[in-house]
Amino acid sequence: MIAPALTMQAHAEGFPATQALAEKGFVVGAQARLLDSGESLGSIAPDQQMTPASVSKLYTAAAALAQWGPQKRFTTELRSSGAIVDGVLKGDLILDGGGDPGMTSEDYWLLIQGLAQRGIRRVDGRVLASQWRFGPVTCVTTDRCDARTRTRHAFDAQLTSTAVDFATWCMRVMPGEAEGVPARVTSCAGATPLTRVDNRVTTVSQGSTGISAERTTSGGEDTLVISGQIRMDSDPASVYRSSADPVEQTLVTVQSIMQDAGIAVTGGFSATSSRPGSESRVLSAVEGKPLQEQLLRMLNYSNNFMADTLALDLVNGTPSMQSAGAALDAFARDIPGHGPINLRSGSGLTPESHTSARGVTALLDHMYHQPALFPVFVAGMQTPVNGPMNFTRRGSERFQQNVMIKTGTLNEPVPVRAVAGYFRTLSGRWGAFTVMVNGRAPTPYINWTTTLEAVASDIDTMIASH
């Protein structure tokens with residue numbers, strides 16, 4: 001019994017600052033090792049099952065790269081079995097969503113231009129948005145379930161294979177022409193908002209700009225209630241809130257673009273879960289951005305919609321949050337030395353997801369030894385000194401310049417702060433590390449400053465010592 005205790009104590013010495021968090025009552029799992037030799041540089045309860053939050057996205061990125069490779073593109077199509085006669089499409093036009101996690105309004109504009117280039121000026125039939133691959137996906141978290149009627153966030157977007165703009169409304173708020181008048185509100189993609197806006201923002205000449213927004217839904221219609229004030233000399237402010245029904249958002253977007261393109265529709269716009277028939281032909285198609293570009297955005301900005309959509313795309317059978325998590329679990333179990341895992345989503349929004357510090361570090365080790373995939377995988381992580389998230393700028397300059405990390409955050413039902421990634425030692429060697437901190441109850445709260453300063457102190461010592 002003495003030898004194992006000594007071994008655990010020796011490993012924990014690699015994380016003295018992080019160990020102090022465990023002594024404050026938080027559950028902590030940590031591990032670090034060099035990737036050329038496999039030498040352990042320290043660990044704290046590395047096999048403890050922990051909630052990883054958005055560190056889960058590393059599994060999603062790795063599984064997607066292993067499944068498809070960096071150049072994978074998802075294709076979105078407009079199909080019909082009707083004939084085109086004198087610029088009129090005689091029959092329904094079907095939007096076949098390809099499960100592209102990154103389809104934007106601009107992509108749909110290109111898709112509609114394909115119709116115009118065929119000379120189509122009217123559709124004698126319906127426009128049907130088909131989400132036969134998946135959607136609407138049943139929500140499994142409180143955030144997403146509540147967001148079906150009301151939200152103040154963008155991260156809780158609903159899921160479908162036929163989405164636009166990450167299933168999120170974007171509005172641009174600009175000062176009015178004089179003090180005291182309402183601000184101007186437009187869509188981020190055009191002059192006219194595509195959903196109802198309740199504009200309560202006032203233009204002011206003094207004070208600071210402060211804008212809040214809530215999306216409410218009643219009778220199937222989304223309303224963005226935007227409140228606050230904006231200074232007359234302020235730049236436009238963008239407001240993002242998730243939509244309640246992303247396929248309906250797609251239909252509204254397509255309708256607007258078709259109107260702008262001068263293409264009339266006689267039969268209206270609606271959603272369907274039916275797959276386009278084999279007799280239908282492709283009238284226009286758009287290939288999304290390569291997977292390597294999608295992962296860069298997904299990881300850098302921790303985009304939950306993209307991560308969960310990719311995880312659903314990985315499913316061979318019927319896509320659901322459960323089957324998406326099972327697909328990620330199956331991938332992870334084939335990684336040498338990984339150990340138990342139970343992921344419930346690709347994004348990490350699910351607090352029921354569990355893995356270990358040893359498991360995440362094994363994933364990082366595995367990807368490091370995939371020479372054709374590693375550059376794309378690591379590119380999505382943040383180097384704190386120049387990454388897009390300011391809160392990661394903690395610790396010494398050496399730490400900030402020599403690590404590439406992915407963070408994860410949850411606040412309910414208990415606080416979660418997780419960070420994992422790679423580091424380069426002063427001699428140029430590569431290492432990998434994982435630290436996950438889980439609360440035992442909603443309180444005490446732990447902030448990112450406390451977590452990252454502890455982690456940075458420990459990893460900085462490893463960088464300097466090797």
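**Salt bridges, a core and a cavity**

Biologist: How many salt bridges does a search of the whole structure find?

Modeller: The search finds 14 salt bridges, and please keep in mind that this is a predicted model.

Biologist: What makes Arg79 and Glu77 a salt bridge?

Modeller: Their side chains meet at 2.9 Å, N to O. The cut-off is within 4 Å, so the pair counts.

Biologist: Why is Arg79 called buried?

Modeller: Its relative accessible area is 16%, and buried means under 20%. Glu77, with 18%, is buried too.

Biologist: Glad to hear it! How do you know that Glu214 forms a salt bridge with Arg152?

Modeller: The closest N and O atoms are 3.9 Å apart, and the limit is 4 Å, so the pair qualifies. Glu214 lies in strand E13 and Arg152 in the loop between strands E9 and E10, so this pair ties together parts that are 62 residues apart in sequence.

Biologist: Why is Arg152 called partly exposed?

Modeller: Arg152 has a relative accessible area of 45%; partly exposed lies between 20% and 50%, so the label fits. Glu214, at 15%, is buried.

Biologist: Which residues touch the most other members of the largest nonpolar core?

Modeller: Of its 58 residues, those are Leu58, Leu364, Phe377 and Tyr422. Helix H3 gives the most to this core, with seven residues.

Biologist: And what makes the lining of the largest cavity five nonpolar, two polar and one charged?

Modeller: Val137, Cys139, Val140, Leu159 and Met321 are among the lining residues, and Val, Cys, Leu and Met count as nonpolar. Thr138 and Gln158 also line the cavity, as does Arg144; Arg counts as charged, and Thr and Gln fall among the others, so they are polar.

Notes. Residues are numbered from 1 along each chain as its sequence is written. This is a predicted model: local features need pLDDT of at least 70, side-chain atom pairs count only at pLDDT 80 or more; totals for chains, interfaces and linings use all residues. Side-chain values use heavy atoms; hydrogens and water are left out. A nonpolar core is a set of buried Ala, Val, Leu, Ile, Met, Phe, Trp, Tyr and Cys residues joined through side-chain atoms within 4.5 Å. Buried means under 20% relative accessible area, exposed over 50%, partly exposed in between (1.4 Å probe, protein chains only). Helices (H or I, at least four residues) and strands (E, at least two) are DSSP runs, numbered from the N terminus. On a 1 Å grid over the protein atoms alone, a cavity is a set of points where a 1.4 Å probe fits but cannot get out, and a pocket is an open set with protein on both sides within 12 Å along at least five of seven lines; lining residues have an atom within 4 Å of a point.
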